[in-house]
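Reader: Please show me the structure and explain the terms used for its strands and its sheet.

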Amino acid sequence: MNPNRRDFIRTTGLLALAGMTGVEFLFAASGENVIRGSQKGLSLSFLPYELQLQHVFTLANSSRKTTPDVLTRLEFDGVTGYGEASMPPYLGESVVTATRFLSSLDLNQFNDPFQMDDILQYVDSVMPGNTAAKAAVDIALHDLVGKLLEQPWYKIWGFDPADTPNTSFTIGIDTPDIVRQKVAEATPYKILKVKLGQSTDRQMIETIRSVTDKPLCVDVNQGWTDRVMALETIYWLKENGVVFVEQPMPKTAIDDMAWLTQNSPLPTIADESLQRLPDVLKAHGVYHGINIKLMKCTGMREAHQMLMLARSLDMKVMIGCMTETSCAVSAAAQLAPKADWADLDGNLLISNDPFSGMRIVDGKVTLADKPGIGLEVKKKVF
Ligand code: MG
């Protein structure tokens, strides 16, 4: 970074910090700002920010046009890291719970952002649950530390950005006409993720196959309850160019799922069955792989640990997301070079993304060569 710009950021950032933490400034006669007194710790601020969806999102019993979200900023030494908690209603967190959680934190006690292990252990220990709110702090801390090191996280982790997979684009359960229309809209994407789990499953696949021969993956969202029927369907899906099956059976059906994985001709991937690091060991032998999402697992630090554990167990890895801004999606994308598959289309579904970062170029996850999580602020919202 240009030294003058860095000094400018440092000075203006500290002025902002001063308002929040009481750092003392001495305004010298020359007009230059001179900092007096000791540097204070990390300063966290946050803003509820409702995500506007481009299309109405329809589930079995409800539909919605927005997703609740909280943006975070973590400041230190004039440098700002950005984070985010995305909270689809069915996951149990809300703006109220996230605000309560973030308000309860005292990050000012930490005056070295590089001690990430201690800081994030503290954040995790304050209350159970609140995984999205914890991710909002974790992502902001990673962004901050990456900026202080002036390196992106994929480099700090030693990953080759050329190794990123294509992202899938999701086609929801719908009428054949709408499904064909959605497939046409998905032209830039090289792999489609098809939602299954209802009586129309074969019709969905046949409709898509009538208009494209792209590889497909399917997400059953726990929708199949009979393991023999599930296995027959998976054989049929394989004949129709499907490459893996996500969460075919209910998360409680562990024995059936282990049997299905043992006999399945396609990889099975755990999503609803898995949240955090210890769940990877539980999924081993029950599924071929895991779907890691930052909002489920408290952020990048634990996601990286899950990725490495899954790799050491010879399991497949997928990096997924919720409906999110480019902030959380770009954070997740830092892990993508070591993933078999990516499902990072969350930022493409909203119309009020204040950031740009990771991009999809010719269907492929493409990382920005910028420090931290590689964000640029497009529209300053706080
Ligand atoms: Mg899923």
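What follows is a short exchange on those terms.

Author: This is a predicted model, where local features need pLDDT of at least 70, side-chain atom pairs count only at pLDDT 80 or more, and totals for chains, interfaces and linings use all residues. Residues are numbered from 1 along each chain as its sequence is written.

Reader: What makes strand β7 mostly covered?

Author: A residue is buried if 20 or more other C-beta atoms, placed from the backbone, lie within 10 Å of its own. In β7, residues 79-86, 7 of the 8 residues are buried. Strands are DSSP runs of E, at least two residues long, and helices are runs of H or I, at least four, numbered from the N terminus.

Reader: How do you know that β6 and β7 pair?

Author: Two strands pair if DSSP finds at least two bridges between them. Strand β6 (residues 69-76) and β7 have 8 bridges, in the antiparallel sense, so they pair. Phe76 stands opposite Val79, and Arg73 stands opposite Tyr82.

Reader: Why are β3 and β7 called edge strands?

Author: The open sheet has 3 strands in the order β3-β6-β7, with antiparallel pairing. Strands β3 (43-48) and β7 each pair on one side only.

Reader: What packs on the sheet?

Author: Helix α4 (residues 131-149) does, touching β3, β6 and β7; contact means C-beta atoms, placed from the backbone, within 7 Å.

Technical notes:
A residue is buried if 20 or more other C-beta atoms lie within 10 Å of its own, exposed if 12 or fewer, and partly exposed in between; C-beta atoms are placed from the backbone. Two residues are in contact if their C-beta atoms, placed from the backbone, lie within 7 Å. Axes are lines fitted to C-alpha atoms, for helices over the stretch in contact, and angles run from 0 to 180 degrees between N-to-C directions.
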